[in-house]
Structures are given as C-alpha cells and as structure tokens.
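Okay, everyone, thanks for coming. I'll put the structure up and then talk through how its pieces pack together.

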Amino acid sequence: MVATAGETTAHRTGGTNYGVEGAKNYARAKHGPDGSAFLDSVFLPFLRNIAGKFLIDVGCGAGPWAVFAADQGAKVFGIDFQMDMLKNAKIAISDADVNGKVFLANADGAALPAREGEFDQALSINVGCNLPNQSTKHVFEPDLKLEYDKKVGFESHFEEMARVLKPYGKAIVTAPTSFGEVFTRGTREKKYVLKSIEQQLNFINIEISQIPPTLSERERKIQEDTIIKNHLNKLDDVYRATFASRDGKWVLITDEGKLKSGEKIWRKLPGLTVPNNYHHEDEYIAAAKKAGFRVVEQHHKLFRTEKERRKYNASVSTDKHLGKEYSEEAGGKPPFVVYVFEKLLPPLDPRIRIIGQVTDSESAADIAEATVHALAKQAGGQ
Ligand SMILES: C[S@@+](CC[C@H](N)C(=O)[O-])C[C@H]1O[C@@H](n2cnc3c(N)ncnc32)[C@H](O)[C@@H]1O
C-alpha cells in the first residue's frame, strides 16, 4: 500500500514512511547520499554531462538529485512511496526553478509507473535500505473493484529499474554500509558518545515497558516508534548508528554480522532517526545481477589520512564535521557504497548461432536481438 500524507514514521509493508515531520527534517537536512559533502567526488560525476537524458529517480525523497540532474539539463521522473516526501520535492523543484523538467509520481519502487526501456539512467539513492525483503501482497481496491497480487520489496526494485532502462542504461545506486560502526561528528571522545547511547537506550526500553498493555497492536507500535525516535534524536553528535530489537529490548548494533536480511532496524542520521530494513551491500549486487545488470563500478570512500579528514572538516560547517570513523588511518570503515550497474541485453535465444566475424560487440548483440524477434514472430505466426 502506498503511504498517505500525515502518517507517522514507521516500517511499512512495501517500504518505510518517515512521517510528516520526518519528511520535513529530511528535506531540511538535505541528505543526499551521505548528509554531507563526503561522497560528492564519487557520486556527483554521474549526474554531470547528462543534458538531454531521461532519468528516473526512484525513491527521490525531497528531490535533491532530481533537482540537481534537471539543473544539469536532464529530464527527470521522480517517484516516491510517500506523499510527504513528494510535497517537499515539489517545493524544492519550484525553488530551483526547474519546473517542467522534473515530473513526480507517488508510486512504489517495486512497481514503477513507466514503460519498458524508457530511461537512459536510473537513480536509487539510499532507497534499498528502506525496502523489505521480497514478498507478494494481496491488494483489494473496493472503489476500483480491483483485486490483485503485487510484488513488493528489494528484488522487485532492481527488476523494475532494469525493466524501465534502455539496454546499456546505467543505474546509480548508493547504500549505507558498516552497520556495526557508530559514526560520529568527532566532537567528543567515542566512549562518551557510547555512554550517551546507552543512556538513551535505557530510557527507550523503560518507556516502552510502560506502554499500557490495553493498547491495540497498532497504537502500541506508534507509541514505541515515537519513543525510539524521540530519544535517538537527542544523540546530536551521532552521525550514523544502527539499532535493532533483541529479546524485547532495543540495542545498539556493533556487529553487522548479527543483523538479518530485511530486518527492521532504526538508524540515527544527522538531524533525524529513520526506520530502515537491513540489507548487506552484497545483497545489492546479487539483486542487480538477478535483475539483468552487470556491475560496472563500485566505490567505497574513506579519508585515507587524518590530515585529509581534518582538511575536509575545515571546509564545511561544524554540523557536517565527520569523526575519526571516516578515516582509514584511524581504523575507520566506509560508511557508504556507490554502485554503477549497467543493464544487459537479455540472454541470447539458444536457437541462434552467430556465424561470421563481427567486430563490434554492440552491433553483434543488435543483430542477434533482431533475429530473436524475427524467430519469435515466426513461431507466433504473427
Ligand atoms: C533515505 S531516503 C532518500 C531520498 C533521496 N533519494 C535522497 O537521496 O535524498 C529514502 C526514500 O525512499 C522512499 N521509499 C521508501 N520505500 C519506498 C518504496 N517502496 N518505493 C519508493 N520509495 C520508497 C522514502 O519515502 C524516502 O523518500
């Protein structure tokens, strides 16, 4: 089901909902791939030199990349699960004066409202971490007298991007990694940050245990989510950390290996706390390959030295400062991965034998594809 305006922050069947406030905070924090300018050097080049291209920005959120790409001359179709996010995207589009270059739709990334082979490039910027594992959902829409089964989840997101891209079209996908690490702003010693986290978790678990047992499951869930969010939001200098429920208590994740694929987690980000679904970075590659992509590039970024990190910090405002966890020299781990996937042509029909010498691989594939169509037509008698 598509989230409707005004809902609270929560994990939902097809993805996540940040709620009205969360969507506003997200727009205000101008997150992009990492909430700072840290990833710009590996990510922004894919959004430059794209004049005249048609992009689909899946899970566009408040539209930072749709707007950026439109500003670079592309035509962009931004889709998102949450109306609240799209409302902020609409404002951003208007503020940036790129009206008429960005089109928005409220839809699920697992069922894109677009035709096959329509786009030159797809973006999925930190969307996978919002998607549950694959499942089939039964939908009943009484007003439309419609009843059908619909695929939702992580794998369908990749299948759908592959479907709507042109052959050889690229999908730029970013995802958080190193879920067992607490990334900080570097303003306090790590042991004090961890102490604050422990304190807030204590408050969370006490308050959750005091929720009246008479509440319905839904009301209970809303209260629980609100308690988690309110307390984790107090951790100002925690730039990224992951929390999950273990034996009825919320805990800080310090070992990524303990998380299960698709598990409901909460992540503290700069300025807000969001509900996510855990996916290891290898799952992105597996889902992309299954959907018919090949991996062209894969980037992990870390400052190599402490000097590099300090130089970066001196170039941004204090609220964007990054702690030692971002530097290789200090034993840090990469917070994000940026993938470039390329859509392959479907495998050749085994009935086809290419004879003779073809020097250009693209034209060989074109010839083969045309032959497949001709054979299929013959077989179908059309
Ligand atoms: C972390 S935000 C990223 C937003 C944007 N790409 C950016 O970089 O600022 C994730 C976005 O995914 C959206 N989302 C969650 N589940 C979704 C789904 N099933 N289909 C489409 N979008 C979804 C959320 O509404 C949210 O806007």
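So, look at helix α5, residues 154-164, and helix α8, residues 281-291: their axes come within 8 Å and cross at roughly 45°. A crossing like that is neither under 35 degrees nor in the 65 to 115 range, so α5 and α8 count as oblique to each other. The handedness of this crossing is right-handed. Who is touching whom? On the α5 side we have Phe154, Glu155, Phe158, Glu159 and Ala162, and on the α8 side Glu283, Ala287, Ala288, Lys290 and Ala291. Sort those by class and the α5 contact with α8 comes out as six nonpolar residues, four charged and no polar ones.

I should say that this is a predicted model, so let me do confidence before going on. Mean pLDDT for the protein is 88, with 84% of residues at 70 or more. Where is confidence lowest, and where is it highest? The low end is helix α1, residues 19-29, with a mean of 63, and the high end is strand β12, residues 249-252, at 98. Also keep an eye on residues 1-6, where pLDDT is below 50. Beyond near neighbours in sequence, that stretch makes 14 contacts in the model.

Next helix pair: α6, residues 190-209, with α7, residues 217-232. Here the axes are 9 Å apart and the packing angle is about 160°. That is over the 145 cut-off, so α6 is roughly antiparallel to α7. The α6 and α7 crossing is right-handed. From α6, the contact uses Gln200, Phe203, Ile204, Glu207 and Ile208; from α7, it uses Glu224, Ile227, Ile228, His231 and Leu232. By class, the α6 contact with α7 has six nonpolar residues, two polar and two charged.

Now the sheet. It's an open one with seven strands and mixed pairing, and the order reads β5-β4-β3-β6-β9-β16-β15. At the edges sit β5 (102-106) and β15 (293-300), each pairing on one side only. From one strand to the next, the twist averages 15°. And there's a helix on this sheet: α4, residues 83-95, packs there and touches β4 (75-80) and β5. The direction of α4 makes about 170° with that of β5.

Last bit, inside the sheet. How many bridges join β6 to β9? Six, between β6 (residues 119-125) and β9 (residues 165-176), and the two strands run parallel. If you want one pair to find on screen, take Ile125: its bridge partner in β9 is Thr174.

That's my tour, thanks.

Technical notes. Residues are numbered from 1 along each chain as its sequence is written. This is a predicted model: local features need pLDDT of at least 70, side-chain atom pairs count only at pLDDT 80 or more; totals for chains, interfaces and linings use all residues. Axes are lines fitted to C-alpha atoms, for helices over the stretch in contact, and angles run from 0 to 180 degrees between N-to-C directions. Helices (H or I, at least four residues) and strands (E, at least two) are DSSP runs, numbered from the N terminus. A crossing is left-handed if the near helix is turned anticlockwise from the far one by less than a right angle, and right-handed if clockwise. Two residues are in contact if their C-beta atoms, placed from the backbone, lie within 7 Å. Ala, Val, Leu, Ile, Met, Phe, Trp, Tyr, Cys and Pro count as nonpolar, Asp, Glu, Lys and Arg as charged, and the others, Gly among them, as polar. pLDDT is the predictor's confidence in each residue, from 0 to 100. Two strands pair if DSSP finds at least two bridges between them.
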